[in-house]
Amino acid sequence: MINSHQSGFRKGHSCVTALLDVIENIRSEIDGNKVCVLTLLDHTKAFDSVEAEITCTKLSTLFNFSLSATKLVRSYLTGRSQRVSVNNSLSDSLDVMKGVPQGSILGPLLFNLYINDLPDILENCRIHIYADDIQLYTFCNADSIANCIVNLNYELNKIFEWATNNHLCLNPQKSKCLVISKKLINITELDPPCIGSQNINFCDTAKNLGITFDRTLSWNSHISSVVGKVYGMLRFLWSTQEFTPLSIRLLLSKTYLLPTLLYGCEIFANSSQASKHKLNVLFNNIARYIFKRHRHDHISEYSKKIVGYSFENLLNLRTLATLHKIIFSKEPEYLYRHITLSQSSRNNKIIIPRHRTLLSERQFFVHSARLWNLLPISTTLIQSTHLFKKSVISSFD
């Protein structure tokens, strides 16, 4: 019953799958010489603004909950109170008038149901939602961006009205708008989109579900940001290098440094050579920290010891594992529809998406299809994710 454009708190869905869908839709349109206007909308305290009566009305009318089930949910959401404990002293109790219980299992599900009808009000824009984070985007020709923003404002007006009726508050100050195209377009003379009477700022880069988008989908800004962040973490760890054994340094790197470095790597795995070099140099410096190597020491063999293979192969494995999961689980459905398998029963190859630009060449579905088609047919037919990874790793040797 959950809208297919909602990826928050759903099995088989994640921030990365939501981004991959939006990116592929943008890629294919830009490859056809279109321009994308992407608006990232932010809510203020969305989970704390859920109204119990509105929730129950939606459960009854939109999801056919029975009267007794609706009463049960109303009882769950109402009659709650909270207080604060500081140094063994308790404040007076305060009634909680709205919001879903924080940290509860039902809270995220109830919020998804609460916001579920939002995509249905749109006419001319595409949308993807992760919990309360909204990606709203539309396409136009380069010479009609002004008209495109007029149409976008029409949709934003409807979203603003929907949010008001549902007692949710959009935050224009934290919302962003990007004009994405093959070549940078002068946006200084364009009127910005607006929510109510407040403008949404145009920007050159914007963080979207943890990944920094720029106006050409190059991922250079994201990689520079992540590399700088990980170097800051690494400098802190380096000061303790002499006091920590090898096993702890390796554990810290795998649980502290690499997750930050690799988050969403499927998106930027085939970025520019300069960006790939930055990532590889950083990975080598992590190896220097782990194995106490000096700046000019040969490091390639030590780098492979971190995960058992090179950093490039690590990116390839993460990319292929994501593609494998989509193919054999057929989820999320919005990603599976981007994949076209060969009609031949003798192989499990993928038809590479039609593309004409280097921009497209570097995005996930084109890049991952090329990697997949290089695998032995026996590997592509393996359904177990664990065995598939083992087979791919064995090909690295």
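**Notes on the salt bridges**

1. The structure holds 12 salt bridges. Keep in mind that this is a predicted model. As general background, side chains of opposite charge can pair when their charged atoms come close. A few of the pairs are worth walking through.

2. Start with helix 1, which covers residues 15-31. Inside that helix, Arg27 pairs with Glu24, and their closest N and O atoms are 2.9 Å apart. The two residues sit 3 positions apart, about one turn of the helix. Are these partners buried or exposed? Arg27 has a relative accessible area of 3%, so it counts as buried. Glu24 comes out at 6%, so it is buried too.

3. Helix 1 turns up again in the bridge between Arg126 and Glu29, with 3.4 Å from N to O. Here Arg126 belongs to strand 6 (residues 126-130) and Glu29 to helix 1, so the bridge ties together parts that lie 97 residues apart in sequence. Arg126 is partly exposed, at 35% relative accessibility, and Glu29 is partly exposed as well, at 23%.

4. Next, have a look at Asp117 and Lys58, whose side chains meet in a salt bridge at 3.0 Å, N to O. Asp117 is in the loop between helix 4 (106-115) and strand 6, while Lys58 is in helix 2 (residues 52-61), so this pair links parts 59 residues apart in sequence. Lys58 has a relative accessibility of 7%, which is under the 20% cut-off, so it counts as buried.

5. Finally, which residues are joined into one network? Glu123, Glu155 and Lys158 are, through salt bridges that share partners.

How values were computed. Residues numbered from 1 in each chain as written. Predicted model: local features only at pLDDT ≥ 70, side-chain atom pairs only at ≥ 80, totals over all residues. Heavy atoms only, no water. Salt bridge = Lys/Arg side-chain N within 4 Å of Asp/Glu carboxyl O. Helix = DSSP H or I, 4+ residues; strand = E, 2+ residues; numbered from the N terminus. Buried < 20%, exposed > 50% of the residue type's maximum accessible area, 1.4 Å probe, protein only.
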